[in-house]
Amino acid sequence: MNFVDLVESYREDIIKSTQDIVSIKSVEGESSPGMPFGEGPYKALEYILNLASKMGFKTKNLDGYAGYIEFGEGTETVGILAHVDVVPEGKGWTYPPYGGEIHDEKIFGRGTLDDKGPAISTLYAMKALEESNVQLNKKIRMIIGTNEETGWGCMKYYFEHESAPDMAFTPDADFPVIHGEKGIIAFDLVKKLENVSCGDIIVKSIDGGNAVNMVPDYCEALLEVKDADELDKKLKQFIEKTGYDLSMESEGELVKIKAKGVSAHGSTPEKGENAITYLMSFLGDIVDCHCDMCDFINMYNKKIAFKHYGEGIGCGLEDDISGKLNFNPGIIKTTDEEIRLSINVRYPIKSSDKDVYDGIRKNLDGTDIVLVEDEGGMKPLYVPKNNPLVEKLMKVYREETGDMESEPITIGGGTYARAMDNAVAFGPVFPGQVEVAHQKNEYISIEHLMKITKIYTKALYELAK
């Protein structure tokens, strides 16, 4: 039987397996023996390894950090790099974020698109090839990570203990083929709160965001005000002028201002609505002094707010391969001592993290705001379009979709393709398709799930034959 025909016979199993793994809340949690990234990611890893084992594949759990699924013979190995951990669910879901419920022929839940659905898809692609008895000359190994969203400790552990495939793709980005990825850094801008005396409105705290690589969909500020009625009037005027989703509630002598936005992936901040920015814009309208908190608010509104490419803070970098830098303020937190803004940047392939840091520090000179670097940055990835891996995947994509116009692209997202040589990202999002990864009501349609399974089956065949 043709292996692509076999895929269709797995339809109900593919749907059920996707629902099952989505029901596991695999957000990073507290480390424990054998579960380095918490119970949730471990259970998701355990689930897919057990599923593969029942299919007859060789599996291995690498101490809870990662695992692999393998079949075939040969001296060379084709790799699939997938992950089963997810970002936090956030708020405002229509359907349960870990329910795996089907509505309008779509499976809803955190991880359906990023990256549990594609992981299940590629597993069943392996099953189709194995059961079809098609002749392959290379082994196929699917490597499963559990820490992709929060640090890549899983891949570090894997490659310290196992050999790398000769070539690989990761089903965790866009079609047709991602042959370049921008550099990624995360860092904090910190200002000490020493002078907090102010006028009629004192901003006591600002807190919002779930993860630095997500556009924050919620932020709140706690204010001490002398005239709450006057503040309410100003808020209503601001909302009428801007249309931002802001609200106010009183807590005794204190007032809480809440801002709601729309989440998006940190690599495409322009596609979201940043709740931190909405709130800071309002605060900038109502504060009028030079305390440390107000200075930070004013700096944010002048240099960061609505500037998605770093152009306001000294890092508006750009190149001809990957385009403009992407700048996402993802988390803001306040303590008695300081206010801290965590930022995720995707810089162009021809630039460096030093270019970004030097530009920001120069721009902030004299503000008493300190830039604190994160050591976990990722260098850019670039694989030429004429690389055989890119050419074979493009051939499959064009044959299976009929799209002869699209060319290999570069992205701001960071995928497991960076973890080894000769690897690229390949799907699962098609050109023009709505991006729902990292957003509330994340979903994958059943038609989409089946289509990518057939594409991945053909791709694995072409790479391994």
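Where is the place of Asp 115? The place of Asp 115 is in the loop between E5 and H4. The legends below describe close-up views of a predicted model, starting with this loop.

**Figure 1. A cis peptide bond occurs in the loop between E5 and H4.** The bond in question runs from Asp 114 to Asp 115 and is cis, with omega near 5°. Strand E5 covers residues 106-108, and helix H4 covers residues 116-132.

**Figure 2. A second view shows a cis peptide bond that leads into a proline.** The bond joins Phe 175 to Pro 176, and its omega is near 10°. Pro 176 is part of the loop between strand E8 (173-174) and strand E9 (178-181).

**Figure 3. Two residues that are not glycines have a positive phi.** For Asp 63, phi is about 55°. Asp 63 belongs to the loop between strand E1 (58-62) and strand E2 (66-71), and this residue is partly exposed at 47% relative accessibility. For Trp 152, phi is about 70°. Trp 152 sits in the loop between strand E6 (139-145) and helix H5 (153-161). With a relative accessible area of 13%, Trp 152 is buried, because buried means under 20%.

**Figure 4. Three strands form an open sheet in the order E4-E5-E24.** The pairing in this sheet is antiparallel. E4 (102-103) and E24 (443-445) each have a single partner strand and stand at the edges, so one side of each is left without a neighbour in the sheet. Strands of a sheet pair through backbone hydrogen bonds. Two bridges join E4 to E5, and Ile 102 has Ile 107 of E5 as its bridge partner. Two helices lie across strands of this sheet. Helix H2 (residues 11-22) lies across E4 and E5, at about 15° to E5. Helix H11 (residues 446-464) lies across E4, E5 and E24, at about 70° to E24.

**Figure 5. Strand E14 is joined by bridges to both E12 and E13.** Seven bridges link E14 (residues 254-260) to E12 (residues 218-225), and these two strands run antiparallel. Strand E13 (residues 245-251) is likewise antiparallel to E14, with seven bridges between them. Which residues stand opposite Lys 260? Tyr 218 has Lys 260 as its bridge partner in E14, and Asp 245 also stands opposite Lys 260. E13 and E14 make a hairpin with two residues between them. In its turn, Gly 252 has a positive phi of about 70°.

**Figure 6. Helix H7 is mostly covered.** H7 (residues 275-286) has twelve residues and extends 17 Å from its first C-alpha to its last, close to the 16 Å expected at 1.5 Å a residue. Ten of the twelve residues are buried, among them Ile 276, Tyr 278, Phe 282 and Ile 286. At the start of H7, a side-chain oxygen of Asn 274 comes within 2.9 Å of the backbone nitrogen of Ile 276.

**Figure 7. Glu 131 of helix H4 is partly exposed.** The relative accessible area of Glu 131 is 38%. The side chain of Glu 131 makes a polar contact of 2.8 Å with the side chain of Lys 127. An α-helix has 3.6 residues a turn, so residues three or four places apart point the same way. Beyond residues up to four places away in sequence, Glu 131 touches Leu 6 and Tyr 10. Gly 99, 32 residues apart from Glu 131 in sequence, is 31 Å from Glu 131 in space, C-alpha to C-alpha.

**Figure 8. Asn 344 and Ser 205 are buried residues in strands.** Asn 344 lies in E18 (residues 338-347) and has 3% relative accessibility. A polar atom of the Asn 344 side chain is 3.5 Å from the backbone oxygen of Ile 185. Contacts of Asn 344 with residues beyond four places in sequence include Ile 184, Val 212, Gly 266 and Phe 327. Ser 205 is in E11 (residues 201-208), with a relative accessible area of 16%. Leaving aside residues up to four places away in sequence, Ser 205 touches Glu 220, Ala 221, Leu 222, Met 293 and Thr 334.

**Figure 9. Cys 291 is buried and is in no disulfide.** The relative accessible area of Cys 291 is 4%. The count of disulfides is zero. For Cys 291, the nearest cysteine sulfur is that of Cys 294, 3.4 Å away; a disulfide requires sulfur atoms within 2.5 Å. Cys 289 is also buried, at 16% relative accessibility.

Definitions and conventions:
Residues numbered from 1 in each chain as written. Predicted model: local features only at pLDDT ≥ 70, side-chain atom pairs only at ≥ 80, totals over all residues. Heavy atoms only, no water. Helix = DSSP H or I, 4+ residues; strand = E, 2+ residues; numbered from the N terminus. Buried < 20%, exposed > 50% of the residue type's maximum accessible area, 1.4 Å probe, protein only. Contact = heavy atoms within 4.5 Å. Polar contact = N/O pair within 3.5 Å; in protein donor to acceptor, adjacent residues only side chain to side chain. Pairing = 2+ DSSP bridges. Axes fitted to C-alpha atoms, helices over the stretch in contact; angles between N-to-C directions. Expected span 1.5 Å × (residues − 1).
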